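Biologist: Could you take me through one part of this model in close-up? I'd like a loop and whatever it leads into.

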Amino acid sequence: MAGAISHHALASTQSCGWSAQNSRFEKRTGNVRLVYEGSCRSGSRKLGLVFASGSQSSVVEPVKLPSDGNSSHTPKKSSESALILIRHGESLWNEKNLFTGCVDVPLTPKGVEEAIEAGKRICNIPIDVIYTSSLIRAQMTAMLAMMQHRRKKIPIIMHNENEQAHRWSQIYSEETKKQSIPVITAWQLNERMYGELQGLNKQETADRFGQEQVHEWRRSYDIPPPNGESLEMCAERAVAYFKELIVPQLVAGKHVMVAAHGNSLRSIIMHLDKLTSQEVISLELSTGIPMLYIFKEGKFIRRGSPVGPSEASVYAYTRTLAKYRQKLDNMVQ
């Protein structure tokens with residue numbers, strides 16, 4: 001697999017719905033990356049450590065998850081799920097070099113093109129459910145990307161903020177439901193809140209407070225900007241949501257796409273790959289370039305990673321994904 005790196009994490013089981021109990025991730029040492037430990041209300045699973053080297057990986061030891069004794073939720077050994085992570089395309093404030101944080105800014109024309117290009121890169125990968133932040137730039141990225149998918153299913157934002165919103169947005173055609181993909185928005189996946197830096201020009205802020213101070217606010221793990229969030233604080237909410245809501249989907253065999261932000265995605269990747277706090281602060285994610293993980297038998301393995309803004313990710317297709325692509329090819333013949 002050219003240019004791909006094997007990484008790691010999580011388990012597979014029958015349906016948990018869209019909720020679950022708490023879970024947690026363990027630690028990484030060198031090239032050994034753990035997976036995740038936790039409980040889904042529908043069952044128990046085993047996860048393990050993986051040794052990552054080039055395109056090869058091997059399980060080092062299993063990790064037991066709590067069991068509810070319900071054998072009907074035992075995953076099939078052949079089952080696997082795809083997890084796609086995409087940082088939103090360039091926003092208008094990215095373009096202007098402003099601190100954006102949780103300010104709700106749309107994409108630039110370049111950001112739109114990046115989202116479309118991201119969609120082309122994942123157009124042969126199955127997607128059953130989409131998670132985005134509550135911010136428009138992530139939602140635009142998800143929608144534009146899905147418009148490129150060969151399956152041609154329609155992404156539909158779920159409105160569950162209250163009973164009336166849920167009731168009024170119901171779909172009453174089973175056939176239409178089959179041709180739709182639920183899009184779930186969550187503030188927990190929002191970008192890190194930059195506090196009093198939001199809206200300020202990054203260069204002017206460095207000139208005012210000093211390059212070293214601004215670098216500390218931006219790149220340290222546990223030091224927040226004035227009245228803002230540190231990366232550690234962002235990780236607490238983003239990873240908790242990932243474990244409680246997204247992991248059960250993967251465990252149930254669903255294929256998931258997450259369109260979010262640099263810091264919320266870095267937080268999730270930190271847990272998937274068991275990066276240290278020092279390693280994660282140097283992790284860079286290019287806008288609009290998807291990252292693919294495969295979730296199988298209690299493990300996450302990275303099958304493609306971004307090389308740079310102008311280069312496509314390199315994906316090593318599993319047999320299941322290859323069959324899905326062949327199915328799409330047959331549909332258009």
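Modeller: Let's start with Glu 297, which sits in the loop between strand 11 (291-296) and strand 12. This is a predicted model, so take the angles here as computed ones. Glu 297 isn't a glycine, yet its phi is positive, about 50°. That's worth a second look, because most residues other than glycine have a negative phi. As for solvent, Glu 297 has a relative accessible area of 41%, so it counts as partly exposed; the cut-off for exposed is over 50%.

Follow the chain out of that loop and you're in strand 12 (299-304), an edge strand that pairs on one side only. The sheet it belongs to is an open one with 7 strands, ordered 8-9-7-10-6-11-12, and its pairing is mixed. The other edge is strand 8 (154-157), which also pairs on one side only. From one strand to the next, the twist averages 25°.

Further into that order, strand 6 (residues 80-87) and strand 10 (residues 256-260) run parallel and pair over 5 bridges. One pair you can pick out by eye is Arg 87 with its bridge partner in strand 10, Ala 260.

Now back to loops, since there's another residue to set beside Glu 297. Asn 227 also has a positive phi, about 55°, without being a glycine. You'll find Asn 227 in the loop between helix 7 (211-219) and helix 8 (231-251). Its relative accessibility is 59%, so Asn 227 counts as exposed, whereas Glu 297 is partly exposed.

Conventions: Residues are numbered from 1 along each chain as its sequence is written. This is a predicted model: local features need pLDDT of at least 70, side-chain atom pairs count only at pLDDT 80 or more; totals for chains, interfaces and linings use all residues. Side-chain values use heavy atoms; hydrogens and water are left out. Two strands pair if DSSP finds at least two bridges between them. Helices (H or I, at least four residues) and strands (E, at least two) are DSSP runs, numbered from the N terminus. Axes are lines fitted to C-alpha atoms, for helices over the stretch in contact, and angles run from 0 to 180 degrees between N-to-C directions. Buried means under 20% relative accessible area, exposed over 50%, partly exposed in between (1.4 Å probe, protein chains only).
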